[in-house]
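I opened my notebook to see what could be looked up in this model. Here are my entries, in the order I made them.

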Protein chains: 2
Amino acid sequence: MVAPLKVGIAGLGTVGAEVVRLIETQARVLAGRSGRGIRVVAVTARSKAKKRGVDLRGIEWVRDPMALATHPGIDCFVELMGGAGDPALSAVEAALNAGKSVVTANKALLAKHGLKLAKAAEKHGGALNFEAAVGAAIPVIKTLREGLAGTGVTRVYGILNGTCNYILTRMEQEGLSFAECLKDAQRLGYAEANPSFDVDGHDTAQKLAILASLAFGTKVAQSAVYVEGISSIAPEDLRAADDLGYRLKLLGVAVRTAKGIEQRVHPTMVPKSSSIAQVMGVTNAVTIDGEGIPPITLVGPGAGGAATASAVVADIADVARGIRANPFGRPISHLRDTKKAPMERHEGGYYIRLLARDFPGTAAAIATRLAEQKISIESIVQRHPNGGAAPASGKAVPVPVILITYATHEDAVRRALAAVQRDKVISGRPQVIRIEKN
Amino acid sequence: MVAPLKVGIAGLGTVGAEVVRLIETQARVLAGRSGRGIRVVAVTARSKAKKRGVDLRGIEWVRDPMALATHPGIDCFVELMGGAGDPALSAVEAALNAGKSVVTANKALLAKHGLKLAKAAEKHGGALNFEAAVGAAIPVIKTLREGLAGTGVTRVYGILNGTCNYILTRMEQEGLSFAECLKDAQRLGYAEANPSFDVDGHDTAQKLAILASLAFGTKVAQSAVYVEGISSIAPEDLRAADDLGYRLKLLGVAVRTAKGIEQRVHPTMVPKSSSIAQVMGVTNAVTIDGEGIPPITLVGPGAGGAATASAVVADIADVARGIRANPFGRPISHLRDTKKAPMERHEGGYYIRLLARDFPGTAAAIATRLAEQKISIESIVQRHPNGGAAPASGKAVPVPVILITYATHEDAVRRALAAVQRDKVISGRPQVIRIEKN
């Protein structure tokens, strides 16, 4: 009989408490699946007094994360404190350097220090598992690391932030403004008091950096991700998307191109018929394009205590079973530097919405400026804000115009729109949203 | 340096040839991921002469599957011949009894002999991997076996047969009959000359039996699956589904109930908003409901040479990495006999379509018969086949009537409809389709 795996957990919030509970209640199933028992032997958290609804008797309380990480009585250190810096970073490093395995849900830590930590794991023989860091219980890490072991990945993209998808879904379905939906998301606990990390795309960027490394065998590099958030999205963009056969989602996209690996987070028009377009509310989803095979899409809860704990416990069970996957799928020596494809060379279709001061003149100016950049227009729609009736005053009111381009380059679009702005035929700044084909 | 994993492949059709090609072209990535090389050293197939577009030089040609299975020079036997009987059965058994690992895509073999084979694997220490047997490259086996290791599953259901989903999608989108769509599916190579295995639900039943075992820790038992196919589905059912907010799919459903495990394959009304309802054409999908967490849905290609080969190669890579999961997730001694929940006690909503000889009289008779069985009606729609105009002849023409019931029991529905038939108020047999809520 193999000795049970002795687990130490740092961080006893909703997720940590649920992990303790699952390991306790699922003990027999976990032992059967893993071939050995799993036991939580030590924990640490900021407050020992806090009520957590879980029985911690018989579990040693350790004074701080570092002491737990290097505790001689544990085999597997579970880091659920969060944050890219200390105490998480030092504790995880110390555990790995002590030859222990680590399970973490900490995307920020991995996006920033993943390579260094993977090196430590490889050097000392411990596992470094982080299924819960991206898409909670959606098995996207396992799928990229093991499930597609023999298949080259050409693109991975997804809805990786439930807050943004909740906001965009509400805006689409109820015609509300970004600000109104954000307020509701905050009231419901889907968004933080300071929502920037979510709505500006940084949370998605951290997760995308991890997926890109697994997909393409590159060194994880959050700094290589181009990021745009959703705060500029207006209800009229969602209405226009609907009219044109698209839905608007905040996507993280990592794609292999001739110029390198593109990693980008931005509001995106996706065809209504795509799997990703069906994903509503706080649900997350990831689509993986493998060489020669139709896309695989994984859909499910991207957050939440129970879903995150489910992934953490599965990772612990893998450690118990003796699985030591390379953290990023390949040995460190195989991981290449990220050859970052410059965003200006991004190729794709574009949605452009602008306010024409005077429609005929503006249409002519835009057509000229786009033609100068060799951009072809797939469709142009002039939208009458008041059903086409001329304003009573007879004064020219700016008219919304929406353009869809055929595939072109980002810098061509930027140049053309800069020229249109210089022409002074539009009011305000144009709205530009990239289109992602499935 | 660990010696490479020596692989023998039995069956060199589209999948087998693609496996050989992938192992060759992805050699470096596979070695990196697995920590050791993977080499195809021996193969067998019916015809040595057949052109396969893949280089077999340097690979030993073995005279028959049994000789390959017990070949002292191989570590891992890959069975791609198909069929629940010999030669696949004997060869897989022999390989496992010789302590080798086995990778197979053979759902029929596993649904019928899975328990016996898992016992042999457990006894002799080999792996038995079969990701490709259900949903090809969709990582559903890995997700149930490893990804949800610590989470109790309450229900697993899915679209597991691309042929049926292709037919239902065409019927829905183009208003065509089952027979027309089947003919097209055959012409396009999506359906066999003898389509019964697919359209009568048996293919789905085999896959469902495998998923149910993994989900619930029961002994795989294809005979415990209730099966209905799609040949009775008419375009008016698809139109009615659409009107009522549903889509019609052939689902395999395994669900834990108070009465035991229900395993059933039948045409099913699913809410249009569900992830599974979005899955069109030959695409497959599986939804897993875990205790306390929102559903996880995996969508992708359920068949095809490249997608199947992708899963086979991932399984081989797991063998190379030394992973020995219990074939059905738990040790044999933990697997329970399937406590089959009788279909008559199935509880759910029902869609019932019948042809009323005379609407007012029929409505009254139906209402009475359903009330006798304590069935509540959620909605009743009388559909005028000719827009409501009375027939010129003045003669009563049968009128389609569609009922949706609230949750009730299967046997109550059967008894009520038998009584309605005895009342002679309807023409022909009623169409009955179960509703699955998400």
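The entries below go through cavities, a pocket, helix pairs and a few backbone details.

**Entry: the model**
I am working with a predicted model, so I treat everything here as computed.

**Entry: cavities**
I began with enclosed space. How many cavities of 30 Å³ or more does the structure hold? I found six cavities at that cut-off. The largest cavity has a volume of about 70 Å³.

Next I looked up what lines the largest cavity. From chain A, I noted E131(A), A136(A), A137(A), P139(A), K142(A), A311(A), A314(A), D315(A) and D318(A). From chain B, I noted T143(B) and G147(B). The elements that give two or more residues to this lining are α12 (305–320) of chain A and α6 (140–147) of chain B. I then asked which element gives the most to the lining of the largest cavity. It is α12(A), with four residues. By class, I have five nonpolar, two polar and four charged residues in the lining of the largest cavity.

**Entry: the second largest pocket**
I moved on to open space. The second largest pocket has a volume of about 1,200 Å³. Its lining holds 40 residues, and the closest to its centre are K107(B), E192(B), A303(B), G304(B) and T308(B). I wrote down the elements of chain B that give two or more residues to the lining of the second largest pocket: α1 (14–25), α5, α7 (162–174), α9 (196–199), α10, β11 (283–290) and α12 (305–320). How does the lining of the second largest pocket divide by class? I have 16 nonpolar, 18 polar and six charged residues.

**Entry: α5 and α10 of chain B**
Both of these helices are on the pocket list, α5 and α10 of chain B, and I wanted to see how they pack. Helix α5(B) covers residues 107–124 and helix α10(B) covers residues 202–216. Their axes are 9 Å apart, at an angle of about 55 degrees. Because that angle falls between 35 and 65 degrees, I call α5(B) and α10(B) oblique to each other. The crossing of α5(B) past α10(B) is left-handed. On the α5(B) side the contact uses K107(B), A108(B), L110(B) and A111(B), and on the α10(B) side D203(B), Q206(B), K207(B) and I210(B). I sorted the contact of α5(B) with α10(B) by class and got four nonpolar, one polar and three charged residues. I noticed a familiar name: K107(B) is in this contact and is also among the residues closest to the pocket centre.

**Entry: α7 and α8 of chain B**
Another helix on the pocket list is α7 of chain B. Its axis and that of helix α8(B), residues 178–187, come within 9 Å and cross at roughly 130 degrees. That angle makes α7(B) oblique to α8(B). α7(B) passes α8(B) in a right-handed crossing. For the contact, I listed Y166(B), I167(B), R170(B) and M171(B) from α7(B), with F178(B), C181(B), L182(B), D184(B) and A185(B) from α8(B). What classes are found in the contact of α7(B) with α8(B)? I have seven nonpolar and two charged residues, with no polar ones.

**Entry: α4 and α5 of chain A**
Over in chain A, I looked at helix α4, residues 88–97, and helix α5, residues 107–124. They pack at about 15 degrees, with axes 8 Å apart. That makes α4(A) roughly parallel to α5(A). Their crossing is right-handed. The α4(A) residues in contact are A88(A), L89(A), V92(A), E93(A), L96(A) and N97(A). They meet L109(A), H113(A), K116(A), L117(A), A120(A), A121(A) and H124(A) of α5(A). By class, the contact of α4(A) with α5(A) has eight nonpolar, three polar and two charged residues.

**Entry: backbone details**
A reminder to myself: most residues other than glycine have a negative phi, and most peptide bonds are trans. The bond from D86(A) to P87(A) is cis, with omega near 5 degrees. P87(A) lies in the loop between β4 (76–79) and α4 of chain A. In chain B, the bond from D86(B) to P87(B) is cis, with omega near 5 degrees. P87(B) sits in the loop between β4 (76–79) and α4 (88–97) of chain B.

I also looked up K374(B), which is not a glycine but has a positive phi, near 60 degrees. Its place is the loop between α13 (359–372) and β14 (377–382) of chain B.

Methods. Residues are numbered from 1 along each chain as its sequence is written. Chains are lettered from A and ligands numbered from 1 in the order in which they are written. This is a predicted model: local features need pLDDT of at least 70, side-chain atom pairs count only at pLDDT 80 or more; totals for chains, interfaces and linings use all residues. Side-chain values use heavy atoms; hydrogens and water are left out. On a 1 Å grid over the protein atoms alone, a cavity is a set of points where a 1.4 Å probe fits but cannot get out, and a pocket is an open set with protein on both sides within 12 Å along at least five of seven lines; lining residues have an atom within 4 Å of a point. Grid points are joined across faces, edges and corners, and a volume is the space filled by probe spheres set on the points. Ala, Val, Leu, Ile, Met, Phe, Trp, Tyr, Cys and Pro count as nonpolar, Asp, Glu, Lys and Arg as charged, and the others, Gly among them, as polar. Axes are lines fitted to C-alpha atoms, for helices over the stretch in contact, and angles run from 0 to 180 degrees between N-to-C directions. Angles under 35 degrees count as roughly parallel, over 145 as roughly antiparallel, 65 to 115 as roughly perpendicular and the rest as oblique. A crossing is left-handed if the near helix is turned anticlockwise from the far one by less than a right angle, and right-handed if clockwise. Contact means heavy atoms within 4.5 Å.
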